[in-house]
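Hi everyone, thanks for making time. Let me put the model up on the screen, and then we'll walk through a few parts of it together.

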Amino acid sequence: MGTFTYYKDRQRTISFPVGGLGSGCIGIAGNGCLIDWQVYNRPAMGTRNGYSHFAIKAQDEKGLLDARVLVSDLGKPYMGQVDEKTMLGMPHFRELVFEGRYPAAKLSFLDERFPGKVTLRYYNPFIPLNDKDSSLPGLFADIIVENTSDHPIRYTAAGVITNPNKGTNTSNHYFEDKGIRGIHFATDGMDERDAEYSDFTLATDSEEGDCQEYWFRGNWRDHVETYWREFASKQPLQNRRYETGIPDYKDTGMLCAVQDIGPGEKKEFHYILTWNVPNCNNYWSGLDISTSNIHYDMCDRTPWKNYYAVLFADSGASASYGLENRARLWEETKCFMDAVYSTTIPEEALDAVTANLAILRSPTCLRLEDGSFYGWEGCFDNVGSCEGTCTHVWNYAYALPFLFPALARSIRDLEFTYSQQDDGGVEFRLRLPLGSTGRRFHSCVDGQLGSVMLTYRDYKISGDREWLEGKWESVKKAIAYAWSEENPDAWDRKKQGVLDGRQHHTLDMELFGPNAWLQGFYVGALEAAAEMAAILGDGEAEAEYRALAAGGKAYLNNELFNGEYFYQKIDVCDRSAVDRFNASKEYWNEEKGQIKYQIAEGCGIDQVLAQWHGNLCGLPEIFEKEKVHKALASIFRYNYKPVLGDIYNPWRIFAIDEESGAIMCEWPEGTDKPAIPLTYAQECMDGMQYQAAAHMIQEGMTEEGETIVRAVRGKYRGDNRNPWCEIECGSYYARSMASYALLLSYSGFVYDAAAGIMGFRPVIKSKEEDFSSFWSMGSGWGTVRYRKDGSIWLEVIRGSLELKRFVYGNGTEVAAVYADGKEVPFMHEKEAVGFRDKIRIQKSLELKAD
C-alpha cells in the first residue's frame with residue numbers, strides 16, 4: 001500500500017479539496033461523493049449540495065447493460081440512517097481505489113458487474129508561477145472509460161447538479177457555444193452586486209449527448225424515482241423545461257455525454273463545474289470565535305469582488321475558458337505533479353509537502369480584487385478562524401513564496417501599506433475591507449520581525465530590486481520600532497540589540513525579559529535588514545544594523561544557552577517585570593507568587609526557529625552552529641513524546657492516545673516549571689513540528705526529523721483524519737505549510753535571483769543513489785538530478801532561469817553539469833572557508849522552457 005493510495009479502510013475521513021487559489025473548493029469524499037461545498041467565500045464543512053453526483057451507463061445493440069452512480073460503498077459502521085443525497089440508494093460501485101497526489105485525485109472504480117473499467121480524475125489547474133490559471137473557480141472531472149469486453153459498447157456519462165445558488169428563486173438553462181454544451185444554474189431577481197449572488201455552470205466538450213435542464217418536479221421522492229428510471233434506460237433522455245421556478249425549491253439538472261468505445265479501447269469524457277460567487281464582504285466582524293485580537297471602529301459590510309470575478313464575467317465564461325484550455329491546463333498541472341512526485345525524499349516527507357498544498361485551495365485563502373493574497377489562519381465549520389493573514393502564523397508557510405512568489409510579495413505589500421502604523425509598529429492582522437481602522441493591539445515580535453526577514457527572502461526569490469526599494473523605508477521603520485519611545489512594550493528601549501520588554505507572540509500571550517526564541521527573530525531581522533541595506537547602498541543603515549546584530553547575537557549565544565538548549569532569562573517570582581507594563585492583572589499568579597505563561601527554564605520547540613528561517617532565507621548565522629545542534633537534540637529528547645497518552649494535556653487535543661509528536665514546551669527533570677506555564681505547552685502543533693523536523697534535517701539529524709514527520713502524517717491516514725486537512729486553530733491550517741521546507745531542507749536549495757545564483761546542497765544518504773528534486777523560484781521551475789556518476793542535470797520545465805553560478809553541495813565531486821540536456825562548461829570557485837562548493841558558469845546561461 002503506497003503512501004498516496006487509500007483503500008476502503010483508509011477512506012472514511014477523506015475530503016480532497018478541488019478548487020482554485022482563493023476561489024473556494026468542493027471536497028471529494030473517500031467513496032467519491034461531492035461534499036464540503038465551500039465555494040461561497042466562507043467555510044462550509046460537512047455540507048452537501050442536493051443530489052449532485054456523476055453517473056455512467058453502458059448499452060449495446062441488445063439494450064442496457066448496466067447503469068451506476070460513480071460512488072462506492074460506504075464504509076462501516078453506518079451510524080444510523082444514510083443520507084439519501086449520497087445516492088448510495090442507487091446502484092453504485094462496490095469499491096474504489098483512491099489515489100490522492102495533490103492537486104489531482106484519481107478514483108478507480110471496481111465492480112465486476114459493470115462492463116468496463118471506469119476512472120474518475122478530479123483536479124483544478126495547479127501551475128507554479130501561473131497564479132491566474134491556478135485560481136480558476138472550478139472543478140474538472142475527467143471520466144476515463146476502458147471497454148474491457150469483446151464488442152463495442154455505447155457509454156453515457158452524466159453530470160447531475162442540484163442548483164447550488166443560495167437565492168430564493170433559481171433556474172436552470174441549457175446552452176451550446178463553440179463546441180461546449182452545458183447547463184447554467186442562475187439566481188433570478190437578485191442584484192448581481194449582492195454578497196449572496198451566485199451562478200454556476202456544468203459543461204462538457206463532448207459533442208454528442210442529452211440534457212435535462214430539470215428533473216421531474218413532484219412530491220416526496222418523485223424526482224429521484226423518475227431520474228433513475230429515465231437514466232437507467234436504453235431510451236435517449238428527453239429534455240424537460242419549466243418556465244418558472246418555485247420559490248425556495250432547488251431544481252436538479254443533468255448533462256449527459258455519449259461515446260461509442262470499441263473493445264480494448266479507452267476514451268475520456270470531460271466535465272467542468274464552475275462557480276461565480278463574485279462578491280465578498282466582511283461577515284465575521286463581531287463574531288468572537290473568529291476574530292481574536294482585532295477591533296473595528298465600524299465594520300463596512302460593502303462587498304468587494306473576488307479576484308476570479310475580475311477575470312471572468314460569470315461561471316459560463318470560466319467554464320468556457322477551462323474547457324477550451326483543458327488540454328494545456330491539465331498538461332501543465334501534470335508536468336508539475338510529475339516533477340514534484342519524482343523528488344527522491346522519504347514518502348512521508350513528500351506526502352507532508354504536497355498534502356498541505358490543499359490549504360491554498362481551501363476557504364483559508366482569498367484573493368482580493370486586485371489579485372492580492374489574503375489568508376485566515378484556518379477554517380472553522382462555517383466561519384474563518386482568526387482573520388487577517390496573521391503574520392506570526394503565515395510566516396511559517398513556505399509553499400506560497402516559492403510556488404507563487406508574486407502572491408507572497410502581495411502579503412508584504414498589504415501589511416506594510418495597511419497594517420503598519422506611523423510609529424513603525426505592524427498590526428499582525430489585516431482588516432478587511434482594506435483601509436478599515438480600529439483599536440490597536442500589541443505588535444507581535446515574531447510576526448513583525450519575521451516579516452522583515454521574509455521581505456529579504458521574497459526579494460531573493462524574485463530579484464525585483466524596484467519592489468525592494470519600495471519596501472525599504474517600511475522595513476527601517478519596522479526595525480526602529482524595537483527601540484522607539486512610542487513602542488508601549490519597550491522591546492529594546494536601550495537600543496542594545498537585546499529584547500528585554502514585553503513581547504507578544506504566536507502563542508497568544510506575552511513573554512517578559514530576554515528569551516532565545518524571540519531574540520533570534522530580532523537578530524535575524526537585523527541581519528536581513530543589513531543585507532537589504534547593502535543591496536540598496538544604504539551604508540549608514542547597514543553599519544547600524546550589523547553592530548546591533550553582533551551585540552544581540554553575542555547576548556543570545558552567551559547568556560541564553562544553558563549547555564543543552566536555549567531558554568528564557570526571567571525570575572518568575574519577580575513581579576516588577578509585569579508591573580512595569582501594568583500587566584499584573586493578566587499575568588500575576590497571586591496564590592503562587594509567580595508570573596504566568598512564561599517559558600523560563602523550559603525547552604521550547606521554537607527556540608531556534610529564527611535560524612530555520614535564516615537558513616531558508618540565506619542569512620548569516622544567528623545561533624552558533626554547535627549550540628543549534630545541541631538545542632535540536634534537546635527538543636527531540638525532551639519534547640518528542642512517543643506516546644502522547646502518557647502525558648497530561650489541558651489544552652486542545654491535536655494528537656491523542658497512542659499517537660506521537662513533539663509538544664510545544666517541556667521542562668526537563670531538575671528544572672523549575674512555572675505553576676502556570678507557557679500557553680499551549682502540551683499541544684502538538686503540526687506547523688511547529690514541521691519546522692523543527694526540517695531544521696533537524698538541515699543539521700544532519702535526519703532520523704530525528706523523519707521520526708517527527710512520520711508522527712505528524714500518521715495523524716492523517718484517512719481512517720483517523722483527513723489527509724488533506726491538517727488542524728490547529730481550525731482546519732486547513734496555514735502554519736502546516738511549513739512542511740514545504742522539508743523539500744528545501746532535503747534539497748538544500750540555494751537561490752538569489754538578482755545575483756544569478758542557484759544551487760543545491762542535497763541530503764544524500766548514499767553516493768550510490770541518484771538524488772532528484774523539484775525546485776521553483778521567481779522566474780521558472782523545474783527539476784534537478786544528482787546522478788551517482790557525478791553529473792548534475794538541471795531542467796527548466798516552465799519559465800526561465802538566468803544562471804551565473806551554481807552551488808552544488810559540500811564534498812561532492814562534480815563530473816559534469818547539464819542544463820536542459822546540454823553540457824555546460826564551468827570552473828570551480830573557492831569560498832573563503834576553503835572548500836569547493838560553488839562553480840561559475842563560464843558563460844552566463846539564460847535558460848527557457850520549450
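Okay, let's start with strand β11, residues 138–146. Of its 9 residues, 8 are buried, so to speak mostly under cover. And keep in mind while you look that this is a predicted model.

Who are the partners of β11? On one side of the story there's strand β10, residues 117–123, which pairs with β11 in the antiparallel sense over 7 bridges. If you want a spot to click on, Y123 sits opposite F140 of β11. Then there's strand β18, residues 266–276, and that pairing with β11 is antiparallel too, over 9 bridges. Here the spot to click on is A141, which faces Y271 in β18.

Let's step along to β10. Here 6 of the 7 residues are buried, so β10 is largely enclosed by the rest of the structure. Strand β9, residues 104–110, runs antiparallel to β10 and is joined to it by 5 bridges. In that pairing, S108 is opposite T119 of β10. The two strands, β9 and β10, make a hairpin with 6 residues between them. Have a look at G116 in the turn, because its phi is positive, at about 145°.

Now, you've just heard Y271 mentioned, and that name comes up again in the core. The largest nonpolar core has 227 residues, and Y271 is among those with the most contacts inside it, along with F98, Y122, I143, Y740, W775 and L794. Which helix gives the most to this core? That's α11, residues 516–536, with 14 residues. Apart from this core lies another one, of 21 residues, including A29, A55, A67 and M254.

Next up, helix α12, residues 539–559. With 21 residues at 1.5 Å each, α12 should span 30 Å, and its end C-alpha atoms are indeed 30 Å apart, so the two agree. Its buried residues are A541, Y545, L548, A549, G552, L556 and N557. Why do we say they're on the same side of α12? Because they cover an arc of only 150° around the axis. On the face turned away from that buried side you'll find the exposed residues E540, A547 and N558. And what covers the buried ones? That includes α11 again, plus α10 (465–480) and α16 (625–639).

Let's jump to a small sheet. This one is open, with 3 strands in the order β2-β3-β4 and antiparallel pairing. The edges are β2 (15–20) and β4 (34–38); each has a single partner strand, so one side of each has no neighbour in the sheet. Ignoring direction, neighbouring strands here are turned by 25° against each other on average. Between β3, residues 24–29, and β4 there are 3 bridges, with the strands running antiparallel. One pair to look for: I28 has L34 in β4 as its bridge partner.

Last stop, Y321. You'll find Y321 in helix α3, residues 315–324. Buried or exposed, or somewhere in between? Its relative accessibility is 26%, so Y321 counts as partly exposed. Leaving out neighbours within four places in sequence, Y321 is in contact with D133, L136, F312 and R328. Take L136: in sequence, Y321 and L136 are 185 residues apart, while C-alpha to C-alpha they're 9.1 Å apart in space.

That's my tour, so over to you.

Technical notes:
Residues numbered from 1 in each chain as written. Predicted model: local features only at pLDDT ≥ 70, side-chain atom pairs only at ≥ 80, totals over all residues. Heavy atoms only, no water. Core = buried A, V, L, I, M, F, W, Y, C linked by side-chain atoms within 4.5 Å. Buried < 20%, exposed > 50% of the residue type's maximum accessible area, 1.4 Å probe, protein only. Helix = DSSP H or I, 4+ residues; strand = E, 2+ residues; numbered from the N terminus. Expected span 1.5 Å × (residues − 1). Arc of directions from axis to C-beta. Contact = heavy atoms within 4.5 Å. Pairing = 2+ DSSP bridges. Axes fitted to C-alpha atoms, helices over the stretch in contact; angles between N-to-C directions.
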